[in-house]
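Colleague: Please take a close look at the charged pairs in this structure and at the segments that carry them. A connected account, residue by residue, would be most useful to me.

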Amino acid sequence: MQQLSYERIPTSVYGTADEASAAVASEIAALIRQKQQDGKPAVLGLATGSSPKKVYAELIRLHRKEGLSFQNVITFNLDEYYPMQPDALQSYVRFMKEFLFDHVDIPVQNYHIPDGTLSMEKIREYCLDYEKQMELHGGLDFQLLGIGRNGHIGFNEPGSHENSRTRLMTLDQTTRVDAAMDFGGLSKVPRRAITMGVLPILQAKRVVLIAWGEHKAGIIKQAVEGPVVESVPASYLQGHHNVSVVLDESAASELTSRKAPWLIDDVVWDRAMIKKAVANLALILGKPVLKLTNKDYNDYGLSDLLAQHGQAYDLNIDVFNWLQHTITGWPGGKPNADDTNRPERADPVKKRCLIFSPHPDDDIISMGGTFQRLVDQGHEVHVAYQTSGNIAVADDEALRFADFVVDFNDRFNITSPQADKIFRDAARFLRTKKDSEKDTDAVRYIKGLIRKGEAKNTCRFVGIPMENVHFLTMPFYETGLVQKKPLGEEDYQLVTDLIDKIKPHQVYAAGDLADPHGTHKVCLDAVMEALRRLKAKDFMKDCWVWLYKGAWAEWDIDQIEMAVPMSPDQVMKKRLGIFKHQSQKDGVVFQGTDEREFWQRAEDRNRKTAELYNKLGLAEYAAMEAFVRWKF
């Protein structure tokens, strides 16, 4: 863990969300125990969402393994959707019981969650009483917060005043879009919520805001380093007397301490840091690397770099060459060539390549050009689809498929009573399905078949034989809900066995931790664990791991270790490959805040990567796919 001091809010950054969550849970546990010794209640303000889940999991562990009692704990939750029944899948009552309350010894009367079933005329009085209850218990000793991508805390959306009280709030569009995957579509997300106001949050004796993942990095920078503004309600925390922000490395990635650490403190000027600083300087100034001057370095806080490593001219050439050496049209290595300065080895000429795709379309979306080039250049390419991706198929698409099977059987007099019943029952369920009702096993299987067929179609398009296509259907994913199970031994074994069977020279995996659904991170954890288990095997000595990013973000230019250029024709071929995933076109279930389709996101990202190289003074290409090597 590293302590930072540059920010306007005290900020701690941990290597992983697990480590950070354990630290926050430890602080909460210490508070509870101290209050127990003093014979007083510990009054906690609690949050929902993906960020606090691991904090709650650690508190449960402390209760079960170390005897932490919650008998003296009184809690007040930040918010609840309105209207919302307490037993609904998306209810925060259900969330808190599932992730904390049902697993510890907190008395039922001790926890308080805003009531989403009230009539409109009763809400104002209820909100006043909610705050009064907090005051009667002596106020909040500790408030745990997450942060929305628009900077909201609780459901205090942009525009909320610093003195706002507990109230009914209209949800911002960004918030509703982010919640759409929990509700099965944007149209089903409530437009309002009851939320604790900014003022009662700031009146807590201690406030800790937590955030994990790259998709939170931008708003964290604004909240922690930017001015206090109504458009970023989390920035109000800058005025609190006892507040901390706790982050993992991904969420901290946009902070100045990470983007330009030389502006804050002395740094070790190794190759990675030099490349980062010079590329950053060139992009800020809008200059090619080879045109940077001594004055540019001095004016932008890099005089120390010049003092240690000589003139701008020499530094520029070094960095230009480092960038140039990342570019290759031979992602599997160029045969019969000097590979000293190439990102991949020349030998063996024909490599066994294993591409892990978290969902059934991540392979073509994220690295479709490289995928095609590996096949065209004669490598033995395998694809492993880690999850079925079934929850991303719209109900009407599944209904169309079920109806087709039933009509097909009827038309050709195919009699299979069991299959016929499965598809007829599925079709009947889909026609009467309630909002956010969990799919039946049969419907989930149908949706999985749709995505499996699309993935096969893409592989045929690229030129992969079907025996090289592997559908792992990892069990952690198969809950029928957005919320997944933790990785289990069966998940690890599926991935381990496949790697051991193929014995690849190259493994490609999704390193896209900005994936807002979290599936990419879980799938990457499974690959990394499998590789660790296999580390002692002889074939692993020749196995290199390349990480790609998905539809949401790209590697920073200084991080890229292999950049595969694409011609306009190759860009078009990749687009056609993405089109094979018809269920994910024209408005997907989990669209996110980006209204573009996946092929548009991919092309824009690949084009911008190529533009960055061009801006730095390197060759101009239509598009580029980028990779970072993971050295395990």
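**Charged pairs and their setting**

Modeller: Arg605 has a relative accessible area of 9%, so this residue is buried. The model is a predicted one, and the values that follow should be read in that light. Glu554 is likewise assigned to the buried class, because its relative accessible area is 17% and the cut-off for that class is under 20%. Between the side chains of Arg605 and Glu554 there is a salt bridge, with an N to O distance of 2.8 Å. This pair links distant parts of the chain, 51 residues apart: Arg605 belongs to helix H20 (residues 598-615), while Glu554 sits in the loop between strand E16 (544-548) and strand E17 (562-566). Sharing of partners also occurs elsewhere, where salt bridges join Asp395, Lys433, Asp439 and Lys447 into one network.

In total, the structure holds 41 salt bridges. One contact within the network just named is that of Lys433 with Asp395, whose side chains meet at 3.1 Å, N to O. Lys433 lies in the loop between H15 and helix H16 (441-462), whereas Asp395 is in helix H14, so the contact ties together parts that are 38 residues apart in sequence. Asp395 has a relative accessible area of 23% and is therefore partly exposed. As a general matter, side chains of opposite charge can pair when their charged atoms come close.

Helix H14 contains a further pair. Arg400 and Glu397 form a salt bridge in which the closest N and O atoms are 2.7 Å apart. Here the partners both lie in H14, with a separation of 3 residues, or about one turn of the helix. Which of the accessibility classes applies to each partner, buried or exposed? Arg400 is exposed, because its relative accessible area is 53%, whereas Glu397 is buried at 18%.

H14 also contributes to a nonpolar part of the surface. The helix spans residues 395-411 and includes Phe404. Phe404 counts as exposed because its relative accessibility is 51%, and the threshold for that class is over 50%. Together with Phe408, Phe412 and Ile414, Phe404 makes a nonpolar surface patch of about 410 Å².

Asn413 lies in the loop between H14 and helix H15 (417-432). This residue has a positive phi of about 55 degrees, although it is not a glycine. The relative accessible area of Asn413 is 67%, so the residue is exposed. Lys503 is another residue that is not a glycine and has a positive phi of about 55 degrees. Its place is the loop between helix H17 (489-502) and strand E15 (506-510). With a relative accessibility of 35%, Lys503 counts as partly exposed. Most residues other than glycine have a negative phi, and most peptide bonds are trans.

The second part of that statement bears on two peptide bonds that are worth checking in the backbone. The bond from Tyr82 to Pro83 is cis, with omega near -5 degrees. Pro83 is in the loop between strand E5 (79-82) and helix H3 (92-99). The bond from Asp347 to Pro348 is also cis, with omega near -5 degrees. Pro348 is placed in the loop between helix H12 (312-324) and strand E12 (352-357).

A helix pair completes the account. Two packed helices are described by the angle between their axes and the distance between the axes. For helix H13 (residues 362-376) and helix H19 (residues 568-579), the angle is about 125 degrees and the axes are 9 Å apart. H13 and H19 are therefore oblique to each other, and H13 passes H19 in a right-handed crossing. Arg373 is located in H13 and counts as buried because its relative accessibility is 13%. From Arg373 to Asp361 the distance is 17 Å, C-alpha to C-alpha, for a separation of 12 residues in sequence.

How values were computed: Residues numbered from 1 in each chain as written. Predicted model: local features only at pLDDT ≥ 70, side-chain atom pairs only at ≥ 80, totals over all residues. Heavy atoms only, no water. Patch = residues over 30% accessible without salt bridge, like charges linked within 9 Å, V, L, I, M, F, W, Y side chains within 5 Å. Areas by Shrake-Rupley, 256 points an atom, 1.4 Å probe, with all protein chains shown as cover. Salt bridge = Lys/Arg side-chain N within 4 Å of Asp/Glu carboxyl O. Helix = DSSP H or I, 4+ residues; strand = E, 2+ residues; numbered from the N terminus. Buried < 20%, exposed > 50% of the residue type's maximum accessible area, 1.4 Å probe, protein only. Axes fitted to C-alpha atoms, helices over the stretch in contact; angles between N-to-C directions. Parallel < 35°, antiparallel > 145°, perpendicular 65-115°, else oblique. Left-handed = near helix turned anticlockwise from the far one by under 90°.
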